[in-house]
Amino acid sequence: MKIAVVTGASSGMGREFAIRLCKEEQFDELWVIARRKERLESIKDEVSIPVKAISLDLTKMEAIKEYEEMLKESGAEVKVLVNASGFGKFGAFCDLSLDDQLEMIDLNDKALVAMTYVTLPFMNKGSKIYQIDSLSSFQPVPYIGVYGATKAFVLSFSRALGAELKNRGIRVLAVCPGWVKTEFFNRAVVDDSVITYYNKFVTSEQVVTRAFKDMKRGKDVSVCAFSIRAQVLLTKLLPHRLVMYIWLKQQKKI
(Lines give C-alpha, C1' and ligand atoms only; values in the text may rest on other atoms or scores of the structure.)
Protein backbone atom coordinates (compact mmCIF):
# COMPACT_ATOMS: atom_id res chain seq x y z
CA MET A 1 0.00 0.00 0.00
CA LYS A 2 1.33 3.42 -1.01
CA ILE A 3 0.39 6.40 1.14
CA ALA A 4 0.95 10.13 1.59
CA VAL A 5 1.33 11.58 5.09
CA VAL A 6 0.54 15.22 5.86
CA THR A 7 0.93 16.82 9.29
CA GLY A 8 -0.81 20.07 10.18
CA ALA A 9 -3.53 19.04 7.74
CA SER A 10 -6.44 20.59 9.63
CA SER A 11 -5.96 24.02 8.02
CA GLY A 12 -3.81 26.28 5.87
CA MET A 13 -1.01 24.92 3.75
CA GLY A 14 -1.19 21.47 5.32
CA ARG A 15 -4.81 21.07 4.27
CA GLU A 16 -4.07 22.45 0.81
CA PHE A 17 -1.20 19.99 0.37
CA ALA A 18 -3.37 17.08 1.52
CA ILE A 19 -6.10 17.84 -1.00
CA ARG A 20 -3.86 18.76 -3.91
CA LEU A 21 -1.54 15.76 -3.48
CA CYS A 22 -4.42 13.44 -4.27
CA LYS A 23 -4.79 15.16 -7.64
CA GLU A 24 -1.07 15.42 -8.30
CA GLU A 25 -0.03 11.81 -7.59
CA GLN A 26 -1.45 8.31 -7.13
CA PHE A 27 -1.83 6.85 -3.62
CA ASP A 28 -3.83 4.09 -2.02
CA GLU A 29 -4.49 6.11 1.12
CA LEU A 30 -3.98 9.59 2.56
CA TRP A 31 -2.94 9.93 6.21
CA VAL A 32 -3.66 13.34 7.72
CA ILE A 33 -2.39 14.33 11.16
CA ALA A 34 -3.32 17.21 13.46
CA ARG A 35 -4.88 17.82 16.86
CA ARG A 36 -8.36 18.73 15.55
CA LYS A 37 -9.78 15.43 14.28
CA GLU A 38 -13.10 16.90 13.15
CA ARG A 39 -11.21 19.17 10.73
CA LEU A 40 -9.29 16.17 9.42
CA GLU A 41 -12.45 14.14 8.91
CA SER A 42 -13.85 16.84 6.62
CA ILE A 43 -11.02 16.21 4.14
CA LYS A 44 -12.72 12.93 3.25
CA ASP A 45 -15.36 14.93 1.37
CA GLU A 46 -12.75 16.63 -0.81
CA VAL A 47 -10.61 13.76 -2.07
CA SER A 48 -11.34 10.56 -3.97
CA ILE A 49 -9.14 8.14 -2.01
CA PRO A 50 -9.47 6.69 1.53
CA VAL A 51 -8.40 9.11 4.27
CA LYS A 52 -7.01 8.08 7.65
CA ALA A 53 -7.61 10.95 10.09
CA ILE A 54 -5.14 10.77 12.98
CA SER A 55 -5.45 13.06 16.00
CA LEU A 56 -2.01 13.48 17.57
CA ASP A 57 -0.09 16.13 19.48
CA LEU A 58 3.28 15.89 17.74
CA THR A 59 5.05 17.81 20.51
CA LYS A 60 4.71 14.60 22.59
CA MET A 61 7.18 11.79 21.93
CA GLU A 62 4.51 9.19 22.68
CA ALA A 63 2.52 10.57 19.72
CA ILE A 64 5.52 10.10 17.43
CA LYS A 65 5.89 6.52 18.65
CA GLU A 66 2.17 5.90 18.09
CA TYR A 67 2.52 7.11 14.49
CA GLU A 68 5.58 4.90 13.99
CA GLU A 69 3.66 1.86 15.22
CA MET A 70 0.85 2.67 12.79
CA LEU A 71 3.35 2.62 9.93
CA LYS A 72 4.80 -0.71 11.04
CA GLU A 73 1.38 -2.32 11.40
CA SER A 74 0.15 -1.04 8.04
CA GLY A 75 3.17 -2.21 6.05
CA ALA A 76 2.73 0.92 3.96
CA GLU A 77 5.25 2.63 1.73
CA VAL A 78 5.28 6.39 2.25
CA LYS A 79 5.56 8.08 -1.13
CA VAL A 80 5.16 11.63 0.17
CA LEU A 81 5.65 13.20 3.60
CA VAL A 82 4.56 16.80 4.18
CA ASN A 83 5.62 18.30 7.51
CA ALA A 84 3.27 21.28 7.79
CA SER A 85 2.67 21.37 11.55
CA GLY A 86 3.90 24.56 13.16
CA PHE A 87 2.99 27.95 14.55
CA GLY A 88 4.45 31.35 15.33
CA LYS A 89 4.04 34.08 17.94
CA PHE A 90 4.76 37.72 17.19
CA GLY A 91 6.14 39.88 19.97
CA ALA A 92 9.25 40.94 21.85
CA PHE A 93 11.18 37.97 23.21
CA CYS A 94 10.85 39.10 26.84
CA ASP A 95 7.10 39.76 26.49
CA LEU A 96 6.11 36.37 25.11
CA SER A 97 5.67 33.47 27.51
CA LEU A 98 8.50 30.99 27.79
CA ASP A 99 6.02 28.12 27.35
CA ASP A 100 4.86 29.49 23.99
CA GLN A 101 8.39 29.93 22.72
CA LEU A 102 9.53 26.48 23.80
CA GLU A 103 6.42 24.96 22.22
CA MET A 104 7.38 26.66 18.95
CA ILE A 105 10.72 24.88 19.07
CA ASP A 106 9.05 21.59 19.97
CA LEU A 107 6.54 21.69 17.12
CA ASN A 108 8.43 23.57 14.41
CA ASP A 109 11.72 21.69 14.85
CA LYS A 110 11.67 18.69 17.17
CA ALA A 111 8.42 17.26 15.81
CA LEU A 112 9.53 17.85 12.21
CA VAL A 113 12.83 16.04 12.81
CA ALA A 114 11.10 13.18 14.63
CA MET A 115 8.44 12.71 11.95
CA THR A 116 11.09 12.73 9.25
CA TYR A 117 13.27 10.25 11.14
CA VAL A 118 10.58 7.65 11.83
CA THR A 119 9.09 7.96 8.32
CA LEU A 120 12.29 7.53 6.31
CA PRO A 121 12.60 3.74 6.88
CA PHE A 122 9.25 3.44 5.07
CA MET A 123 10.33 5.50 2.06
CA ASN A 124 11.97 4.25 -1.13
CA LYS A 125 13.44 5.65 -4.33
CA GLY A 126 11.13 8.28 -5.77
CA SER A 127 9.67 9.32 -2.42
CA LYS A 128 9.40 13.02 -1.57
CA ILE A 129 9.55 15.14 1.58
CA TYR A 130 8.08 18.64 1.73
CA GLN A 131 9.21 20.58 4.80
CA ILE A 132 7.05 23.68 5.32
CA ASP A 133 9.45 26.49 6.13
CA SER A 134 9.30 30.28 5.90
CA LEU A 135 10.87 33.36 4.36
CA SER A 136 11.96 34.08 7.94
CA SER A 137 14.51 31.27 7.61
CA PHE A 138 16.82 33.47 5.52
CA GLN A 139 17.40 36.27 8.04
CA PRO A 140 17.28 37.16 11.74
CA VAL A 141 13.81 38.60 12.45
CA PRO A 142 13.46 40.79 15.58
CA TYR A 143 10.05 40.47 17.26
CA ILE A 144 9.60 37.06 15.63
CA GLY A 145 13.00 35.94 16.83
CA VAL A 146 12.33 32.41 18.06
CA TYR A 147 9.94 31.63 15.21
CA GLY A 148 12.51 32.82 12.64
CA ALA A 149 15.22 30.77 14.33
CA THR A 150 13.09 27.62 14.22
CA LYS A 151 12.59 28.15 10.51
CA ALA A 152 16.31 28.75 9.91
CA PHE A 153 16.84 25.34 11.49
CA VAL A 154 14.32 23.76 9.11
CA LEU A 155 16.04 25.26 6.07
CA SER A 156 19.51 24.09 7.10
CA PHE A 157 18.29 20.64 8.13
CA SER A 158 16.27 20.12 4.94
CA ARG A 159 19.13 21.08 2.63
CA ALA A 160 21.59 18.84 4.46
CA LEU A 161 19.15 15.93 4.56
CA GLY A 162 18.45 16.28 0.86
CA ALA A 163 22.16 15.88 0.12
CA GLU A 164 22.34 12.79 2.33
CA LEU A 165 19.32 11.17 0.70
CA LYS A 166 20.32 11.87 -2.90
CA ASN A 167 21.85 8.42 -3.38
CA ARG A 168 18.63 6.83 -2.12
CA GLY A 169 16.61 8.76 -4.69
CA ILE A 170 14.54 10.54 -2.03
CA ARG A 171 13.92 14.25 -2.62
CA VAL A 172 13.65 16.92 0.11
CA LEU A 173 12.20 20.38 -0.52
CA ALA A 174 12.07 23.27 1.95
CA VAL A 175 8.97 25.33 1.13
CA CYS A 176 9.69 28.93 2.16
CA PRO A 177 6.78 31.31 1.54
CA GLY A 178 6.40 34.85 2.80
CA TRP A 179 3.09 35.98 4.30
CA VAL A 180 0.36 33.45 3.51
CA LYS A 181 -3.37 34.01 4.08
CA THR A 182 -4.06 31.23 6.61
CA GLU A 183 -5.19 30.74 10.21
CA PHE A 184 -1.53 31.16 11.20
CA PHE A 185 -2.20 34.81 12.00
CA ASN A 186 -5.05 33.97 14.38
CA ARG A 187 -2.52 32.57 16.81
CA ALA A 188 0.57 34.54 15.83
CA VAL A 189 -0.76 38.09 16.20
CA VAL A 190 -1.51 39.00 19.80
CA ASP A 191 -2.23 42.70 19.16
CA ASP A 192 -1.22 45.46 16.74
CA SER A 193 1.84 46.57 18.71
CA VAL A 194 4.13 44.28 16.72
CA ILE A 195 4.15 43.39 13.01
CA THR A 196 2.42 46.27 11.31
CA TYR A 197 3.85 45.83 7.82
CA TYR A 198 2.94 43.04 5.38
CA ASN A 199 4.57 43.62 2.02
CA LYS A 200 2.86 40.85 0.02
CA PHE A 201 0.34 38.11 0.72
CA VAL A 202 0.11 34.89 -1.26
CA THR A 203 -2.42 32.08 -1.00
CA SER A 204 -1.91 28.48 0.08
CA GLU A 205 -2.86 27.44 -3.44
CA GLN A 206 -0.04 29.53 -4.93
CA VAL A 207 2.51 28.17 -2.45
CA VAL A 208 1.57 24.53 -3.09
CA THR A 209 1.50 24.98 -6.87
CA ARG A 210 4.98 26.47 -6.77
CA ALA A 211 6.23 23.71 -4.46
CA PHE A 212 5.04 21.00 -6.86
CA LYS A 213 6.82 22.73 -9.75
CA ASP A 214 10.05 23.19 -7.80
CA MET A 215 10.04 19.57 -6.65
CA LYS A 216 9.78 18.45 -10.29
CA ARG A 217 12.60 20.83 -11.22
CA GLY A 218 14.90 19.21 -8.66
CA LYS A 219 15.23 22.25 -6.41
CA ASP A 220 15.90 22.03 -2.68
CA VAL A 221 14.14 25.31 -1.78
CA SER A 222 10.83 26.69 -3.03
CA VAL A 223 9.97 30.39 -2.74
CA CYS A 224 6.63 31.59 -4.09
CA ALA A 225 6.35 34.96 -5.92
CA PHE A 226 9.04 36.89 -7.79
CA SER A 227 9.11 39.76 -5.28
CA ILE A 228 9.74 37.33 -2.41
CA ARG A 229 12.54 35.60 -4.34
CA ALA A 230 14.09 39.03 -4.90
CA GLN A 231 13.87 39.67 -1.16
CA VAL A 232 15.65 36.37 -0.46
CA LEU A 233 18.43 37.40 -2.84
CA LEU A 234 18.84 40.71 -1.05
CA THR A 235 19.11 39.00 2.35
CA LYS A 236 22.05 37.04 0.92
CA LEU A 237 23.78 40.11 -0.50
CA LEU A 238 23.20 42.67 2.27
CA PRO A 239 24.75 42.62 5.77
CA HIS A 240 22.38 41.13 8.36
CA ARG A 241 22.58 44.33 10.39
CA LEU A 242 21.17 46.30 7.45
CA VAL A 243 18.51 43.67 6.75
CA MET A 244 17.35 43.85 10.37
CA TYR A 245 17.41 47.66 10.28
CA ILE A 246 15.11 47.66 7.24
CA TRP A 247 12.77 45.19 8.95
CA LEU A 248 12.65 47.25 12.15
CA LYS A 249 12.00 50.39 10.13
CA GLN A 250 9.09 48.70 8.35
CA GLN A 251 7.66 47.60 11.70
CA LYS A 252 8.03 51.15 13.09
CA LYS A 253 10.34 49.96 15.83
CA ILE A 254 13.02 52.58 15.13
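**Entry 1: the cavity**

I looked up the largest cavity of this predicted model and noted a volume of about 30 Å³. Counting cavities of 30 Å³ or more across the structure, I found 1.

I then listed the residues around this space: the lining of the largest cavity consists of Thr 7, Leu 58, Asn 83, Ala 84, Ser 85, Leu 107, Ala 111 and Leu 112. Which element gives the largest share of that lining? I wrote down helix α4, residues 98-119, which contributes 3 residues. Sorting the lining by character, I counted 5 nonpolar residues and 3 polar ones, with no charged residue among them.

**Entry 2: aromatic pairs around Phe 17**

I next searched the whole structure for aromatic pairs and obtained 5. One of these joins Phe 17 and Tyr 130, whose rings are 5.1 Å apart from centre to centre with 50° between the planes, so that I entered the pair as tilted, the class for angles that are neither under 30 degrees nor over 60. I placed Phe 17 in helix α1 (residues 12-24) and Tyr 130 in strand β5 (residues 128-132), and because of this the pair ties together parts that are 113 residues apart in sequence.

Are these two residues buried or exposed? For Phe 17 I noted 0% relative accessibility, and therefore it counts as buried; for Tyr 130 I noted 1%, so this residue counts as buried too.

I then followed Phe 17 to a further partner, Phe 212, and found an edge-to-face pair with 5.8 Å from centre to centre and 90° between the planes. This pair links distant parts of the chain, since Phe 17 belongs to helix α1 and Phe 212 to helix α7 (residues 204-216), with their positions 195 residues apart. I checked burial here as well, and Phe 212 is buried, as is Phe 17. Putting the two pairs side by side, I recorded that Phe 17, Tyr 130 and Phe 212 form one aromatic cluster.

**Entry 3: charges over rings**

Finally I looked for charged ends over aromatic rings. Which ring lies under the charged end of Lys 52? I found the ring of Trp 31, with the charged end of Lys 52 at 5.6 Å from the centre of that ring. In a further entry I noted Lys 253, whose charged end sits over the ring of Tyr 143, 4.9 Å from the ring centre.

Key: Residues numbered from 1 in each chain as written. Predicted model: local features only at pLDDT ≥ 70, side-chain atom pairs only at ≥ 80, totals over all residues. Heavy atoms only, no water. 1 Å grid on protein atoms, 1.4 Å probe; cavity = no way out; pocket = protein on both sides within 12 Å on 5 of 7 lines; lining within 4 Å. Points joined across faces, edges and corners; volume = space filled by probe spheres on them. Helix = DSSP H or I, 4+ residues; strand = E, 2+ residues; numbered from the N terminus. Nonpolar A, V, L, I, M, F, W, Y, C, P; charged D, E, K, R; others polar. Phe/Tyr/Trp six-rings, centres within 6.5 Å; stacked < 30°, edge-to-face > 60°. Buried < 20%, exposed > 50% of the residue type's maximum accessible area, 1.4 Å probe, protein only. Lys NZ or Arg CZ within 6 Å of the ring centre and 35° of its normal.
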